[in-house]
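User: I'm new to this one and would like a quick tour. Could you take a few questions once it's on screen?

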Amino acid sequence: LDLPVPQMDLPLGISFFTFLQIAYLDDCYKGEVRHPGFAKYFLFVTFFPHLIAGPLVHHRELIPQFRRKASEIWENLFVGATIFFIGVFKKVVIARQAGIWADAVFDGAIAGDVPTFFASWIGVITFAFEIYFDFSAYSDMAIGLSRVFGIQLPVNFASPYKSSSIIEFWHRWHMTLSRFFREYLYIPLG
């Protein structure tokens, strides 16, 4: 059939928002959720630091932290800002520069210039660094910004390029996404 397909722009973070809702609804269905009330649920769903790039935070981890009174405000502010600005540095300085180098090689190849062996490897390695530092930066920024508010998010990125196997790499790359798939897809289907 030749049906028209509407072109829609989806909001940022729609996948993480959807994964949060799937986990929450599944846990409600299983009877594992103590209903926190609409205000805390709404805050859990809309807590913005992690919505665009993760980590995928489980409601059991986040909602109880909303109940705590603010303590160690200055420590949270200092530690959180430090982690946040480390992430900004990774994104703006390291990932951006690696992206410029990678783009130079790949854009040249698209234009018809055949890269040398050395240039090809430079393109591949700098692209790998760009992806690595982009994701690491976003994770750091989310964890740091959350810490500024006194909320501790789980570690989501644990030096995956130091892995000795592809399985270990996957477990270190997006740790909370792996956990989501294990708890809500792999185990239920198994």
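User: Which residues form a nonpolar patch on the surface?

Analyst: Keep in mind that this is a predicted model. The patch has about 890 Å² of accessible area together. Its members are Phe106, Phe117, Trp121, Val124, Ile125, Phe127, Phe129, Ile131 and Tyr161.

User: Which helix gives the largest share of the nonpolar patch?

Analyst: The helix in question covers residues 117–148. It supplies 7 residues of the patch, and Phe127 is found in it too. That's helix α5.

User: Is phenylalanine 127 buried, partly exposed or exposed?

Analyst: Its relative accessible area comes to 40%. Buried would need under 20% and exposed over 50%, so a residue in between gets the middle label. Phenylalanine 127 is therefore partly exposed.

User: How many helices and strands does the chain have?

Analyst: Reading along the sequence, you get α-α-α-α-α-α-α. That pattern goes with a strand count of 0. The helix count is 7.

User: What share of the chain's exposed area do carbon and sulfur atoms supply?

Analyst: The chain has 190 residues, and 36% of them are buried. About 12,500 Å² of the chain is exposed. Carbon and sulfur atoms supply 69% of that area.

User: How far apart do the centres of the positive and negative side chains lie?

Analyst: There are 15 positive side chains and 16 negative ones. For scale, the C-alpha atoms fill a box of roughly 60 × 60 × 35 Å along the principal axes. The centres of the two charge sets lie apart by 13 Å.

Technical notes. Residues are numbered from 1 along each chain as its sequence is written. This is a predicted model: local features need pLDDT of at least 70, side-chain atom pairs count only at pLDDT 80 or more; totals for chains, interfaces and linings use all residues. Side-chain values use heavy atoms; hydrogens and water are left out. Helices (H or I, at least four residues) and strands (E, at least two) are DSSP runs, numbered from the N terminus. Buried means under 20% relative accessible area, exposed over 50%, partly exposed in between (1.4 Å probe, protein chains only). Accessible areas come from the Shrake-Rupley method with a 1.4 Å probe; for residues, only the protein chains shown count as cover. Lys and Arg count as positive and Asp and Glu as negative; His and the chain ends are not counted. The place of a charge is taken as NZ of Lys, CZ of Arg, CG of Asp or CD of Glu. Patches are made of residues with over 30% relative accessible area and no salt bridge: like charges are joined within 9 Å, nonpolar side chains (Val, Leu, Ile, Met, Phe, Trp, Tyr) within 5 Å. A salt bridge is a side-chain nitrogen of Lys or Arg within 4 Å of a carboxyl oxygen of Asp or Glu.
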